[in-house]
Amino acid sequence: MAVGSGSFNRRIGEEHSSLHGQVIAELRRAIMTGRLKAGERLVEGKLADELGVSRNPVREAIRVLASEGLVDIAERRGASVAIMSDQEARETIEVRALLEGQNARLAARRHDKELIKRIEAVLKKGTAAVAAGRFDQLFELNQQYHDALAAAGQNRVLGEVLLKLRNRTAMLFAPMSPSRQSRSWSEHADILRAIIDGDERAAAALAAEHVMRSGADFLAGLDALAEPSAPRAKRGEKSAASRRAPLVVSD
């Protein structure tokens, strides 16, 4: 399926900052927010026209996003938004949960007051946006929260790995329902409270549970979609959905 007209809100070619970086950021955001759907073909010419740029920065951006796991490139079909199997989704969520837990543990240990203030500032904006029903603002604020949290862990290698994992799981979690958004920001507050208290164990557990809960919501949706078409199990057999391995995180 080719990219539809009007997928983007601005023409990057008319702006003046780093063109290459802007095209990467705009395509990444379109994928992560679901504007470009899993499996959707990325046609260089159409994307270039919509963004107001030449094909070259689009081609380079597609290569970068392929290295991040957001885009698949096939020899004959060309580029398309990556599709994750159920198993890949589970494994990615599990790994991210473990690493987010370790990062939160480090943030509680380092206890950098300036970085904690940065998280608090983003948390305040996110909580206010939820209360006001400004859900369109929450994608960016969620990214800022997790960026600030990663910085507070003060482990550059871990932060880089988490960034890639967050980008991949963003495709799975978007869009969230208003009730899930509200719960998500309450969980953000709980994680920050544990970090401020210097409680490494609680911070790690809460951060891991936060990712796993979001992942469980997504996977439950997959199971619900699969149920109507799933063949009825014979007596004594479990359905395919019930045979799926549960998500498990150890502290």
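Here are legends for a set of close-ups of this predicted model.

**Close-up 1. The largest nonpolar core and its contributors.** This core counts 29 residues, and Leu 27, Ile 31 and Leu 42 have the most contacts inside it. Quite a few elements chip in with two or more residues: helix H1 (19-32), helix H2 (44-51), helix H3 (55-67), strand S2 (78-81), H4, helix H7 (156-173) and helix H9 (200-226). H1 gives the most, namely five residues.

**Close-up 2. Ile 31 and its neighbours.** Leaving aside residues up to four places away in sequence, Ile 31 touches Leu 36, Leu 65, Leu 70, Val 71, Val 81 and Met 171. There is also a second core, separate from the largest one, with 24 residues; Ile 119, Tyr 145, Ala 194 and Ala 203 are among them.

**Close-up 3. H1 against H7.** Here the two axes come within 8 Å and cross at roughly 40°. The angle falls outside the parallel, perpendicular and antiparallel ranges, so H1 and H7 count as oblique to each other. On the H1 side, the contact uses Arg 28, Ile 31 and Met 32, and on the H7 side Asn 167, Ala 170 and Met 171. Sorted by class, that gives four nonpolar residues, one polar and one charged.

**Close-up 4. H5 against H6.** Helix H5 (residues 113-132) and helix H6 (residues 138-153) have axes that come within 9 Å and cross at roughly 160°. Angles over 145 degrees count as roughly antiparallel, so that is the label for H5 and H6. The crossing of H5 past H6 is left-handed. H5 brings Leu 115, Arg 118, Ile 119, Val 122, Lys 125, Gly 126, Ala 129 and Val 130 to the contact, while H6 answers with Leu 138, Leu 141, Gln 144, Tyr 145, Asp 147, Ala 148, Leu 149, Ala 151 and Ala 152. By class, the contact of H5 with H6 has 12 nonpolar residues, two polar and three charged. Two of the residues in this contact, Ile 119 and Tyr 145, also turn up in the second core.

**Close-up 5. H6 against H7.** Moving on to the other side of the H6 story, the axes of H6 and H7 come within 10 Å and cross at roughly 160°. That makes H6 roughly antiparallel to H7. H6 passes H7 in a right-handed crossing. From H6, Gln 143, His 146, Asp 147 and Ala 150 take part, and from H7, Gly 159, Leu 163, Arg 166 and Asn 167. The class count for H6 with H7 is two nonpolar, four polar and two charged residues.

**Close-up 6. Arg 96, a buried arginine.** Arg 96 sits in helix H4 (residues 86-110). With a relative accessibility of 5%, Arg 96 counts as buried, because the cut-off is under 20%. Skipping residues up to four places away in sequence, Arg 96 touches His 146, Leu 162, Leu 165, Arg 166, Thr 169, Phe 173 and Val 211. His 146 and Arg 166 from that list also belong to the contact of H6 with H7.

**Close-up 7. Asp 190 on helix H8.** Asp 190 is part of helix H8 (residues 178-196). Its relative accessible area is 29%, so Asp 190 is partly exposed. Ala 202 is 12 residues away from Asp 190 along the chain, and their C-alpha atoms are separated by 9.2 Å.

Definitions and conventions:
Residues are numbered from 1 along each chain as its sequence is written. This is a predicted model: local features need pLDDT of at least 70, side-chain atom pairs count only at pLDDT 80 or more; totals for chains, interfaces and linings use all residues. Side-chain values use heavy atoms; hydrogens and water are left out. Helices (H or I, at least four residues) and strands (E, at least two) are DSSP runs, numbered from the N terminus. Buried means under 20% relative accessible area, exposed over 50%, partly exposed in between (1.4 Å probe, protein chains only). Contact means heavy atoms within 4.5 Å. A nonpolar core is a set of buried Ala, Val, Leu, Ile, Met, Phe, Trp, Tyr and Cys residues joined through side-chain atoms within 4.5 Å. Axes are lines fitted to C-alpha atoms, for helices over the stretch in contact, and angles run from 0 to 180 degrees between N-to-C directions. Angles under 35 degrees count as roughly parallel, over 145 as roughly antiparallel, 65 to 115 as roughly perpendicular and the rest as oblique. A crossing is left-handed if the near helix is turned anticlockwise from the far one by less than a right angle, and right-handed if clockwise. Ala, Val, Leu, Ile, Met, Phe, Trp, Tyr, Cys and Pro count as nonpolar, Asp, Glu, Lys and Arg as charged, and the others, Gly among them, as polar.
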